[in-house]
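Q: I am new to this structure and would like a close look at a single part of it, the surroundings of the ligand. Please take me through that part carefully, and then through the packing that goes with it.

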Amino acid sequence: MPLMKSKSKNPWLQIPAEDYERHMSASNVAQLQMLNKIFADVVNEYQPKSIAILGCTTGNGFEHLNNKNIERVVGVDINPDYISISKRRFETKLPQLELVCTDLNEFEFSNSSFDLIHAALVFEYVEVELLLAKISRWLRPNGILSVVLQLPNDTLAPVSETPYHSLKLLNTVMKLIEPEVFRKRAIKHKLKEAKNYKIILQSGKSFFVLLLQK
Ligand SMILES: C[S@@+](CC[C@H](N)C(=O)[O-])C[C@H]1O[C@@H](n2cnc3c(N)ncnc32)[C@H](O)[C@@H]1O
């Protein structure tokens, strides 16, 4: 069984994995595919030996960690079903995979644990300042934090329209963060910008990828 830690009431617990994956990969959303590529790119560029994936859902992109000589891989998510699915899909091909079902607002890793911490579309749902402070401690010297933020859009709803209505629950909790605000907070926690880029999807939604180094 995956390790289970305490978690608070959270709308993510009411979104079935099937709805999540179908919504995120729907042709008018196409975010699952985008996130998969961002993760592959960061792993290939930085070649980490130890990696934590915060808000790992059902293991999107974990296939890029196969045969990479990575010593430690930890996936963290608040939803126990997502964690179980990640385990079922990847435990054989990725025997070093550890999965933790927990609320990131309450969880702690040891200091200097990871070369890479990946947090894609997660800061929208957590206490930003608190998690940045923790990540700064969890990273090894020169370690990388890769972040994906959804950019605010005046005309498009934050959660796109698809037949998977459970995703609408996220409208009540999702808080988009301006990159400039995020950057300032990261600097406060001793994380320096290494690189950034913007992705605009066909839907018109745009995303900001930010790589920060400790
Ligand atoms: C949009 S998804 C992340 C997408 C994923 N990172 C990817 O690259 O495909 C957000 C994830 O964060 C998880 N999550 C939200 N709030 C959380 C919290 N407080 N603690 C841990 N996980 C959380 C959700 O359960 C969900 O799986």
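**The ligand and the packing of the chain**

A: In this predicted model, the ligand is surrounded by 20 residues, and the closest of them are W12, L35, G55, N60 and L104. Sorted by class, this shell holds 12 nonpolar residues, 6 polar residues and 2 charged residues. Helix 2, which spans 31-46, and strand 3, which spans 72-77, each contribute at least two residues to the shell.

From the ligand we can turn to the nonpolar packing. The largest nonpolar core has 48 residues, and those with the most contacts inside it are A52, L54, V76, I117, A119 and L145. The element that gives the most to this core is strand 6, residues 139-150, with 6 residues. L54 can be followed in detail: leaving aside residues up to four places away in sequence, L54 touches V76, L104, I117, H118, A119 and V122. One of these contacts, L104, is also among the residues closest to the ligand. Apart from the largest core there is a second, separate core of 6 residues, which includes I15, Y20, V29 and Y164.

Two residues deserve a look for their backbone angles. As a general background, most residues other than glycine have a negative phi. T57, however, has a phi near 50°, a positive value in a residue other than glycine. T57 sits in the loop that runs between strand 2 (50-54) and strand 3, and T57 counts as buried because 25 other C-beta atoms lie within 10 Å, where 20 or more are needed. L121 likewise has a positive phi, near 55°, and is a residue other than glycine. L121 is placed in the loop between strand 5 (114-120) and helix 4 (128-138). With 19 other C-beta atoms within 10 Å, L121 falls below the 20 needed for a buried residue and is therefore partly exposed.

Finally, there is helix 3, residues 80-90, whose buried residues are Y82, I83, S86 and F90. These residues lie on the same side of helix 3, because they cover an arc of only 100° around the axis. As for what they meet there, the buried residues of helix 3 pack against helix 1 (17-25), strand 3 and strand 4 (97-101). Strand 3 thus links two parts of this account, since strand 3 supplies at least two residues of the shell around the ligand and is also packed against by the buried residues of helix 3.

Definitions and conventions
Residues numbered from 1 in each chain as written. Predicted model: local features only at pLDDT ≥ 70, side-chain atom pairs only at ≥ 80, totals over all residues. Near = placed C-beta within 6 Å. Helix = DSSP H or I, 4+ residues; strand = E, 2+ residues; numbered from the N terminus. Nonpolar A, V, L, I, M, F, W, Y, C, P; charged D, E, K, R; others polar. Core = buried A, V, L, I, M, F, W, Y, C linked by C-beta atoms within 7 Å. Buried ≥ 20, exposed ≤ 12 C-beta atoms within 10 Å, placed from the backbone. Contact = placed C-beta atoms within 7 Å. Arc of directions from axis to C-beta.
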